[in-house]
Amino acid sequence: MTEREALGRRRRVVAAVVASLLVLGPLAWFWWTSLVPANASVMDMGYPDTGGAPGATPGHGHTPTDGPGVSLATLAGPSGGDPDVALTLTADTGPIEVGGRTLDGYTLNGTSPGPTIEAEVGDLVEVTLVNRSVPDGTTLHWHGVDVPNAEDGVAGVTQDAVPPGGSHVYRFVVEDAGTYWYHSHQVSHAQVRGGLFGALVVHPPGSDEGAQAVAAVHTYGAVPTINGSAESLRVPANPATRCGSAS
Ligand SMILES: [Cu+2]
């Protein structure tokens with residue numbers, strides 16, 4: 001190989017390496033910046049991104065600390081008026097008996113699932129959540145129920161988690177009939193899985209629904225259950241009865 005040929009070859013190699021870097025460099029950068037952070041705090045809410053619209057800059061309004069945003073306190077349920085349905089749910093850390101096994105879990109009023117809450121469309125529901133012994137704090141979220149934002153029970157977003165020894169009152173009017181569930185929205189992967197949930201049934205106004213049965217299906221550990229029992233659910237009903245057995 002002549003010196004000239006060698007030089008030409010070296011140039012081609014260098015050009016190929018540079019071209020590869022031009023392609024792979026940006027790809028590596030995009031890959032790196034798209035990685036999920038190793039840990040994220042729900043308390044670190046970042047900043048509102050309005051895509052460059054006026055007021056998007058921190059210090060110029062529309063930031064959580066720099067008004068004139070809407071205060072969460074104005075987005076609460078009715079503060080006055082006697083509730084139609086009122087109850088206290090006390091959250092505890094404790095053993096749960098399922099299918100002949102005793103598992104570490106969580107209870108509401110000593111059971112999991114917690115008590116079924118029954119209301120009628122238009123009722124004012126008041127639930128006092130007491131955290132007796134859940135170390136990470138807890139909340140109640142009304143899954144699928146259209147409630148004012150401050151009653152939504154999302155720890156770190158709409159309220160602080162209720163610490164051990166603390167309590168929180170939720171008040172909201174149920175406007176849509178249906179079968180819903182409520183559950184913790186704090187460390188949910190452990191607390192909901194471990195039992196901090198229950199059913200909320202909103203009946204149509206003045207309806208005679210005949211028979212009713214709630215089936216809360218949940219797996220504790222590896223034990224599938226209905227209403228906290230590993231047994232099957234039997235609902236006695238007379239012929240021609242609509243939907244199960246009247247309670
Ligand atoms: Cu939910």
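In what order do the 4 strands of the open sheet that contains β3 and β8 stand?

## The sheet with β3 and β8

In this predicted model, the order of that open sheet is β3-β8-β7-β5, and its pairing is mixed. The strands at its edges are β3, residues 117-120, and β5, residues 141-143. Each of these two pairs on one side only. Neighbouring strands of the sheet are turned against each other by 25° on average, when direction is ignored.

Strand β8 covers residues 197-203 and runs parallel to β3, to which 4 bridges join β8. One residue can be followed across to this partner strand: alanine 119 has valine 202 in β8 as its bridge partner.

## How strands pair

Strands of a sheet are held in pairs through backbone hydrogen bonds, and the pairing is either parallel or antiparallel.

## The sheet with β1 and β2

Another open sheet has 4 strands in the order β2-β1-β4-β6, with mixed pairing. Why is one side of β2 and of β6 left without a neighbour in the sheet? Strands β2 (101-108) and β6 (167-173) stand at the edges and have a single partner strand each, so each has one side with no neighbour in the sheet. From one strand to the next, the twist averages 25°.

Within this sheet, β2 pairs with strand β1, which spans residues 85-98. The two are antiparallel, and the pairing extends over 8 bridges. Here threonine 93 has tyrosine 106 of β2 opposite.

Notes:
Residues are numbered from 1 along each chain as its sequence is written. This is a predicted model: local features need pLDDT of at least 70, side-chain atom pairs count only at pLDDT 80 or more; totals for chains, interfaces and linings use all residues. Two strands pair if DSSP finds at least two bridges between them. Axes are lines fitted to C-alpha atoms, for helices over the stretch in contact, and angles run from 0 to 180 degrees between N-to-C directions.
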